[in-house]
Each structure stands twice: as structure tokens, then as C-alpha cells.
Amino acid sequence: MIPGQFEYHQPASLGDALALLARHGDDARPLAGGHSLVPAMRLRLAEPRVLVDLARVKELRGIEERDGAIVIGAMTTHAELAASSLLAKKCPLLVEAAHHIGDLQVRNRGTIGGSLAHADPAADWPPVVLALDAELELTGAKGTRKVAATKFFTDIMQTALKTGELLQAIHVKPTGASVAYVKTEQKASGFALCGVAAVIDRAAKRASVAITGVAATPYRAADVERALVGTSMSAADIAKAAKTAADGVQPLGDIHASEEYRAHLARVNTARALERAAGRK
Ligand code: FAD
């Protein structure tokens with residue numbers, strides 16, 4: 001199918017992009033890599049009357065260190081994240097996860113901001129920003145606000161973004177090397193049947209674990225994290241904690257994987273991710 005008719009704008013600054021979005025309200029949609037929005041338009045699942053292409057908005061690009069945090073512009077592509085030497089040194093979970101996304105063409109075109117704003121329940125970035133306790137910088141015509149990643153994903157493919165707002169940047173704190181992303185993918189698309197991001201803070205004797213692909217929204221595995229507080233992250237500690245990875249969650253079931261299988265993957269991949277983060281595998 002071909003999309004319905006739409007106006008196309010390519011603003012050169014963040015201010016111009018926000019002005020266009022404010023002027024057209026619910027009729028307008030930002031366009032990033034187009035890997036999700038364009039197919040949705042072709043199927044007429046999305047019918048924006050106005051597309052605001054963010055490709056030339058420099059303020060939305062790049063990865064930099066600012067006041068002890070790492071700031072990633074929303075239009076940074078998966079490939080740029082995968083190749084970043086700053087991230088390899090300071091936040092290696094982002095580099096590892098980027099390599100898991102799609103194929104080379106998808107990584108060259110798709111953006112971290114587009115992925116987070118789209119909030120596909122099987123996408124790879126949501127569990128990563130959750131496990132890193134990232135803050136998401138949202139900007140609209142009336143100003144900027146920061147939302148914790150834990151408050152950003154509100155329902156299936158729904159986020160805290162309001163009409164006219166853009167996800168401008170993702171702020172993360174540097175981590176050590178005790179991190180891992182373990183994914184079982186749906187073979188045709190590469191999307192996650194279950195992806196688990198784990199970050200171990202040895203000094204604080206705690207871990208963050210977040211899971212995608214299993215439920216309608218990505219989630220922090222709170223029971224797993226609670227079970228690991230104060231432990232030495234031994235194999236036995238991890239095996240016991242990982243058993244709770246799908247507790248209290250309503251797993252999705254579809255032609256690719258049943259509810260039971262997704263819950264099983266959540267437990268297995270949580271144990272694997274924590275073992276890898278602990279440096280044993
Ligand atoms: P777009 O499609 O341009 O936009 C998506 C949505 O976000 C739209 O609603 C748009 O209006 C909105 N939006 C975009 N940018 C912003 C912003 N800055 N602020 C507010 N709203 C915004 N993803 C994975 O995680 N793992 C995979 O394995 C994977 N495999 C893929 C395989 C294929 C064949 C394809 C086509 C895609 C795959 N993807 C995968 C998804 C892809 O990597 C992109 O992340 C995803 O399509 C969205 O990013 P985009 O930049 O293309 O956004």
C-alpha cells in the first residue's frame with residue numbers, strides 16, 4: 001500500500017521543529033529514521049497530515065560527556081552508538097545492546113530516540129535505559145522536562161511524550177564493566193522475544209535488571225533486584241533471584257512464542273545476563 005497524502009517539512013533547528021509541531025498539533029508527527037513510522041503509514045495504521053523530518057536538526061545528534069553524565073542526542077543512530085569509543089569506555093552496555101539491533105541497514109538508519117518514542121514492546125533500547133536508570137529529556141514549545149526512564153513507558157506503545165514534544169536526549173551515568181545484554185530474537189525480524197539488560201554495582205551490592213519482549217511494556221525485574229541486594233552475586237544467589245524474573249507480569253503470547261515460553265526466557269536470560277555481568281560467562 002502507499003501512504004495517504006502528507007506535507008513534508010525538514011527544519012534545520014530544534015526551535016523550527018518545535019514550532020512546526022506546535023502549529024500542527026495532533027496532525028503532525030516527527031520523523032526520525034522512518035523504520036517504524038513509514039511502514040505504519042504505508043499500512044495506514046498512522047496517517048499524519050504533516051511530517052516533521054528531524055534529519056537536519058543538529059541539536060538532536062551526538063554523544064558527549066557533560067557534568068559527569070553521558071548525553072546522547074535522540075537522532076543518534078544505532079550504528080553510531082555501536083561505534084562510540086566514549087561509550088565503550090564509560091557505558092559499555094549501550095554499545096553491546098546496539099550490536100543486537102536488526103542488521104547493518106537498520107542500525108545505520110534507525111535512531112535511539114525513534115525507538116524509545118515508538119516504545120515497541122520488543123525493542124532493545126527500552127530495557128537498556130531502564131537498567132541504566134537513564135533520564136529522558138523531553139522538549140516542547142513551552143520548555144524542557146526530564147522524565148526517569150522508569151516513568152516513560154506508560155502502556156503498550158505509549159510513552160510520557162505529549163503532543164508537540166520531542167525526545168531530545170538520553171542522559172545516563174557512567175557504569176563499570178559489570179554489565180550485559182542477553183537477547184533471544186525472533187529470527188525473521190531480529191526483534192526480541194526476550195531481551196534482558198543487567199547492571200551490577202559491586203560496591204553497593206545491588207543489581208539493576210530490565211526486560212523487554214515479555215510483557216506489554218518493558219519492566220524492571222523488581223523481585224530479582226530485591227533478592228540480590230546485599231549478596232555477593234554468587235552463582236547460587238543469581239540462580240535463585242532469576243527464578244522470579246517473570247513474577248507478577250502478564251506475559252505476551254503470539255505466533256512467535258507462547259506466554260509460558262516468554263516467561264521461561266525471562267528467567268533463563270536473566271540468569272545468563274547476570275552471570276555475564278558478574279564476569280563468569
Ligand atoms: P521512526 O520510525 O522515524 O519513528 C518512530 C516513532 O517515534 C514515530 O511515531 C515518530 O513520530 C516518533 N519519533 C521519532 N523520533 C522522535 C523524537 N526524537 N521525539 C519524539 N518522537 C519521535 N529495533 C530493535 O530494537 N531491535 C531490532 O532487532 C530491530 N530490528 C528491526 C528490523 C527491521 C527490518 C526494521 C525495519 C526495524 C527494526 N527495529 C529493531 C526498529 C528500528 O531499529 C528503529 O529503532 C525503529 O524503527 C524506530 O526508530 P526510527 O529512528 O526509525 O524512528
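The exercises below go through parts of a predicted model, each with a worked solution.

Residues are numbered from 1 along each chain as its sequence is written. Because the model is predicted, local features need pLDDT of at least 70 and side-chain atom pairs count only at pLDDT 80 or more, while totals for chains, interfaces and linings use all residues, and side-chain values use heavy atoms, with hydrogens and water left out.

**Exercise 1. The three-stranded sheet**

Task: Work out in which order the three strands of the open sheet lie, and which of them stand at the edges.

Solution:
- Strands are DSSP runs of E with at least two residues, helices are runs of H or I with at least four, and both are numbered from the N terminus.
- Two strands pair if DSSP finds at least two bridges between them.
- The order in this open sheet is 1-3-2, with parallel pairing.
- Strand 1 (7-9) and strand 2 (28-31) each have a single partner strand, so they stand at the edges with one side left without a neighbour in the sheet.
- On average, neighbouring strands here are turned by 25° against each other, direction ignored; the axes are lines fitted to C-alpha atoms, for helices over the stretch in contact, and angles run from 0 to 180 degrees between N-to-C directions.
- Strand 1 is joined to strand 3 (residues 50-53) by three bridges.
- Tyr 8 has Leu 51 of strand 3 opposite.

**Exercise 2. The ligand**

Task: Find which residues are closest to the ligand, and which elements give two or more residues to its shell.

Solution:
- The ligand is surrounded by 31 residues, the closest being Pro 30, Gly 34, Ser 36, Thr 111 and Asp 124; a residue counts if one of its heavy atoms lies within 4 Å.
- Next come the polar contacts, which are pairs of N or O atoms within 3.5 Å; within protein, one must be able to donate a hydrogen and the other to accept it, and residues adjacent in sequence count only if both atoms are side-chain atoms.
- Leu 37 places a backbone N or O atom 2.8 Å from an oxygen atom of the ligand.
- Asp 124 has a polar side-chain atom 2.7 Å from a ligand nitrogen atom.
- For Lys 183, a polar side-chain atom lies 3.2 Å from a ligand oxygen atom.
- Of the 970 Å² of accessible area that the ligand has on its own, the protein covers 90%; areas come from the Shrake-Rupley method with a 1.4 Å probe, and for residues only the protein chains shown count as cover.
- Strand 2, helix 7 (112-118) and strand 10 are the elements that give two or more residues to the shell.
- Helix 7 gives the most, with four residues.

**Exercise 3. Gln 168**

Task: Decide whether Gln 168 counts as buried or exposed.

Solution:
- Buried means under 20% relative accessible area, exposed over 50%, and partly exposed in between (1.4 Å probe, protein chains only).
- Gln 168 belongs to strand 10 (residues 166-172).
- Its relative accessibility is 15%, so Gln 168 counts as buried.
- Beyond neighbours within four places in sequence, the residues in contact with Gln 168 include Leu 14, Glu 59, Ile 72 and Thr 144; contact means heavy atoms within 4.5 Å.

**Exercise 4. Strands 11 and 12**

Task: State how many bridges join strand 11 to strand 12, and what stands opposite Lys 183.

Solution:
- Five of the seven residues of strand 11 (residues 179-185) are buried, so the strand is largely enclosed by the rest of the structure.
- Seven bridges link strand 11 with strand 12 (residues 192-201), and the two run antiparallel.
- Opposite Lys 183 stands Gly 195 in strand 12.
- Their hairpin has six residues between the strands, and Gly 190 there takes a positive phi near 90°.
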